[in-house]
Amino acid sequence: MEGKYCIITYGCQMNESDSERLAGQLEELGYHSVAEPDGADVIIINTCAIRETAEQKVYGKIGELKHLKQEKPDVLIGITGCMAQKNKKALFERAPHLDFVLGPYNIHHLKELVRAGSKRSAHVLKTEMRGANIEDFTDLKAARKSDVFAWVPIMQGCNKFCSYCIVPYVRGREWSRPLRSIVREVEELAAAGYKEITLLGQNVNAYGLDFGDGTNFADVLRAVEEVPGILRMRYMTSHPRDMTREMIDTIAACSKVVTQMHLPVQHGSDAVLQGMNRGYTIAHYRNLADYIRKQIPAVVLTTDLIVGFPGETEEMHRETLALLQDIRYDMAYTFIFSPRSGTPAARMTDKVSAEDASRRLQELMQVQNAISLERNRDMVGQVHEVIVEGPTKNKPENWFGRTSGNKMIIFPYADGMRIGDVLGVRADAAQTWLLRGTPVEEKRS
């Protein structure tokens, strides 16, 4: 079987990883990737449902593909990911030109579906969660986009039920991948020459809780640390509720684990955190941050923040601004609260006006941007080890790489430079989101 496929991916790194495993199945069947859907025989939209705007983007893309189905009735068009799990057969009702809808726990069915071709039923819907085996989809061969950096999923789902979040409803309960399966994939990546891996999960700190035998995320870190050949180990995302001192100590002790830690706080007010059902207090979070900085002095601490959550007052907003000044994150990903249908927060009535939410976001960003710039300036004059990722989009004569703390450094291309090279780069100048520098140490592949 030969053909062409196009996978369009929206959303998080977990979706990127799932797309690589979808692509792997198609390439095993002899298909090869094309950039645009017009030339494809199989088109997959791997979707995100985290916000209403994300869904509207997907519906727009689905609508654009209707003419392709009319021109080429044999083209297979499918939806996968969180929106597939959330909306199920309603997707067929809204877009009859779709051929299949596969939830995140059913992506391993793609190969058999494509093989069936015209013999399959008109609409194929697979969104069951019960009875699935996490190894069915995590052990699928991945067609990876990079030869240097790789995603490695270690668990699925989330049990936290934050009041604003749709993830537990579309990704299901926390379900950990067997440790032997994780290590086997990392060993294969190391043998293939990969230098950096990222361990993925909606909440990696909860890894192993479903085993009931004491296995936890620290065990994963220690096991992967022993795999020769891997230079760096990243992980995302952490949850303050499940982060333990053992995990922090293990991160500090493992030479391959990066110095970046993304620890989403979401808000600076205990009252708002309670409304969000986050399960911790600001005092607990501050104690974690203090211990992290004590054990990992070079840590690059980043976070997520939401403004405009129902019931948020000016005083509560100021608590968030004070938290930023106190913790001094290297970077914060900031969002205005967006009600998500199907979640408790969408039914809350004490709404914050769009005007107030927008103003608060700008105030928050102004404070954080100043801190980010200050922390980047502290890096100027130092030499930082980076893994080369390639040329920048706008100026191909400039290349870039990232430090262990995930800080981007842009530097001039030098003859013989290759993606995956490890360089020592001196930071010469700082901007809010990146550094500019000069390679000063010999590269090693």
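Here is a friendly exchange about a predicted model and the reasons behind some of the terms used for it.

Reader: Let me start with the sheet of S7, S10 and S11. What makes S7 and S11 its edge strands?

Author: Look at the order, which runs S7-S10-S11 in an open sheet of three strands with parallel pairing. Strand S7 (149-153) and strand S11 (232-236) each pair on one side only, and that is what puts them at the edge. From one strand to the next, the twist averages 25°.

Reader: How do you know that S10 and S11 count as paired?

Author: A pair needs at least two bridges between the strands. Strand S10 (residues 196-200) and S11 have five, in the parallel sense, so they qualify. As an example, Leu-199 has Tyr-235 in S11 as its bridge partner.

Reader: Which helices lie on that sheet, and how do they run relative to S7?

Author: Helix H1 (residues 13-28) packs on the sheet and touches S7, S10 and S11, with a direction at about 95° to that of S7. Angles of 65 to 115 degrees count as roughly perpendicular, so H1 is roughly perpendicular to S7. H9 lies across S7 and S10 and runs at about 170° to S7. An angle over 145 counts as roughly antiparallel, so that word fits H9 and S7.

Reader: H9 also meets H10. What is the geometry of their crossing?

Author: The axes of helix H9 (residues 179-191) and helix H10 (residues 217-225) come within 10 Å and cross at roughly 35°. The crossing is right-handed. On the H9 side the contact is made by Leu-179, Ile-182, Val-183 and Val-186, and on the H10 side by Asp-219, Val-220, Ala-223 and Val-224. By class, these residues are seven nonpolar, no polar and one charged.

Reader: Now to H13 and H14. Why are they called roughly parallel?

Author: Their axes cross at roughly 15°. Angles under 35 degrees count as roughly parallel, and H13 and H14 therefore fall into that class. The axes of helix H13 (residues 282-295) and H14 come within 12 Å, and H13 passes H14 in a right-handed crossing.

Reader: Which residues meet there, and how do they divide by class?

Author: Ile-282, Arg-286, Ala-289 and Arg-293 in H13 meet Leu-323, Asp-326 and Ile-327 in H14. The contact has four nonpolar, no polar and three charged residues.

Reader: What makes H11 roughly parallel to H13?

Author: The axes of helix H11 (residues 245-253) and H13 come within 10 Å and cross at roughly 25°. That is under 35 degrees, so H11 is roughly parallel to H13. This crossing is right-handed too. Arg-245, Ile-248, Asp-249 and Ala-252 in H11 meet Leu-288, Tyr-291, Ile-292 and Gln-295 in H13. The contact residues divide into five nonpolar, one polar and two charged.

Reader: There is another sheet, S12-S13-S14. Why are S12 and S14 said to stand at its edges?

Author: This open sheet has three strands in the order S12-S13-S14, with parallel pairing. Strand S12 (260-262) and S14 each have a single partner strand, so one side of each is left without a neighbour in the sheet. Neighbouring strands are turned by 15° against each other on average, direction ignored. Helix H15 (residues 354-377) packs on the sheet, touching S13 and S14, and its direction makes about 175° with that of S14. With over 145 as the cut-off, H15 and S14 are therefore roughly antiparallel.

Reader: How do you know that S13 and S14 pair, and what connects them?

Author: Strand S13 (residues 300-307) and strand S14 (residues 331-336) pair over six bridges in the parallel sense, and the pairing criterion is at least two. The chain crosses from S13 through helix H14 (residues 314-327) to S14 in a right-handed β-α-β crossover. Asp-304 stands opposite Tyr-333 in S14, and Thr-303 has Ala-332 as its bridge partner there.

Reader: Finally, what makes Thr-237 and Asn-277 worth a look?

Author: Most residues other than glycine have a negative phi, and most peptide bonds are trans. The bond from Met-236 to Thr-237 is cis, with omega near 0°, and Thr-237 is placed in the loop between S11 and H11. Asn-277 has a positive phi, near 60°, and lies in the loop between helix H12 (270-276) and H13.

Key
Residues numbered from 1 in each chain as written. Predicted model: local features only at pLDDT ≥ 70, side-chain atom pairs only at ≥ 80, totals over all residues. Heavy atoms only, no water. Helix = DSSP H or I, 4+ residues; strand = E, 2+ residues; numbered from the N terminus. Right-handed = clockwise from strand over helix to strand, strands pointing away. Axes fitted to C-alpha atoms, helices over the stretch in contact; angles between N-to-C directions. Left-handed = near helix turned anticlockwise from the far one by under 90°. Contact = heavy atoms within 4.5 Å. Nonpolar A, V, L, I, M, F, W, Y, C, P; charged D, E, K, R; others polar.
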